[in-house]
Amino acid sequence: MMNEDSCTMLANMKKQLEEFEHFFFLECENTHDILSLTQKLKVAIDLKLKNDCAHVYVEDEIDLSPEKSKKITYCEKCMSCFSGKPGSS
Ligand SMILES: [Zn+2]
């Protein structure tokens, strides 16, 4: 198990990667290589978090449209999302 600080650090790193991707996408022409790299990094971080975080599950609903909403479960420590019941994947 990772300690809480490592979880938070990895979750923040993922968020920063997403911001970096967004920036790169807007500012640069040849984005393919760097985006495939950040994609790989995000997958690796996700895997590490999902396997090693001592998850604290929170259930929430997200609105897809004014009439439709979807139940999601996420971990409040690492912000990983889980579809369906935790542990069943
Ligand atoms: Zn977690």
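**Strand pairing, helices and core**

Strands β2 (residues 69–75) and β3 run antiparallel and are joined by two bridges. The model described here is predicted. One of the residue pairs between these strands places T73 against its bridge partner F82 in β3, and Y74 stands opposite C81, likewise in β3. The connection between β2 and β3 is a hairpin with five residues between the strands. M79 lies in this loop and has a positive phi of about 65 degrees, although M79 is not a glycine. M79 is partly exposed, because 17 other C-beta atoms lie within 10 Å of its own, whereas 20 or more would be required for a buried residue.

On its other pairing, β2 meets β1 in the antiparallel sense, over seven bridges. V58 of β1 has Y74 as its bridge partner in β2. Y74 therefore takes part in both pairings, with V58 in β1 and with C81 in β3. A hairpin with five residues between the strands links β1 and β2. Taken together, the three strands form an open sheet in the order β1-β2-β3, with antiparallel pairing. The edges of this sheet are β1 (57–63) and β3 (81–82); each has a single partner strand, so one side of each is left without a neighbour in the sheet. In general, strands of a sheet pair through backbone hydrogen bonds, in a parallel or an antiparallel arrangement. Strand β1 is hardly covered, since the count of buried residues among its seven residues is zero.

The sheet follows two helices in sequence. The protein chain contains two helices and three strands, and these elements occur in the pattern α-α-β-β-β when read along the sequence. Helix α1 (residues 4–27) comprises 24 residues. From the first C-alpha to the last, α1 reaches 34 Å, close to the 34 Å expected at 1.5 Å a residue. Within α1, the residues C7, L10 and K14 are buried, and the buried residues of this helix pack against α2. The spacing of such positions can be read against helix geometry: an α-helix has 3.6 residues a turn, so residues three or four places apart point the same way.

The contacts of L10 show part of this packing. Leaving aside neighbours within four places in sequence, L10 is in contact with I45, K48, L49 and C78. Two of the residues named here, L49 and C78, also belong with L10 to the largest nonpolar core. That core has six residues, the others being C7, C53 and C75. C7 and L10 are among the buried residues of α1, while C75 falls within the range of residues 69–75 assigned to β2.

A further approach between the helices is found at I34, which is located in α2. I34 and E21 are 13 residues apart in sequence, and their C-alpha atoms are 8.2 Å apart in space. I34 counts as partly exposed because it has 14 C-beta neighbours inside 10 Å, a number that lies between the cut-offs of 12 or fewer for exposed residues and 20 or more for buried ones.

A54 occupies the loop between α2 (32–52) and β1. With 12 other C-beta atoms within 10 Å, A54 is exposed. A54 is nevertheless 8.0 Å from N3 in space, C-alpha to C-alpha, with a separation of 51 residues in sequence. In the protein chain as a whole, residues 24 or more positions apart account for 45% of the contacts with a separation of 6 or more.

Overall dimensions were also computed. The radius of gyration of the protein chain is 15 Å, whereas a compact globule of 89 residues would have a value near 12 Å. The C-alpha trace spans about 40 × 40 × 20 Å along its principal axes. Of the 89 residues, 9% count as buried.

Conventions
Residues are numbered from 1 along each chain as its sequence is written. This is a predicted model: local features need pLDDT of at least 70, side-chain atom pairs count only at pLDDT 80 or more; totals for chains, interfaces and linings use all residues. Helices (H or I, at least four residues) and strands (E, at least two) are DSSP runs, numbered from the N terminus. The radius of gyration is taken over C-alpha atoms; the globule rule is 2.2 Å times the number of residues to the power 0.38. Two residues are in contact if their C-beta atoms, placed from the backbone, lie within 7 Å. A nonpolar core is a set of buried Ala, Val, Leu, Ile, Met, Phe, Trp, Tyr and Cys residues joined through C-beta atoms within 7 Å. The expected span of a helix is 1.5 Å times one less than its number of residues.
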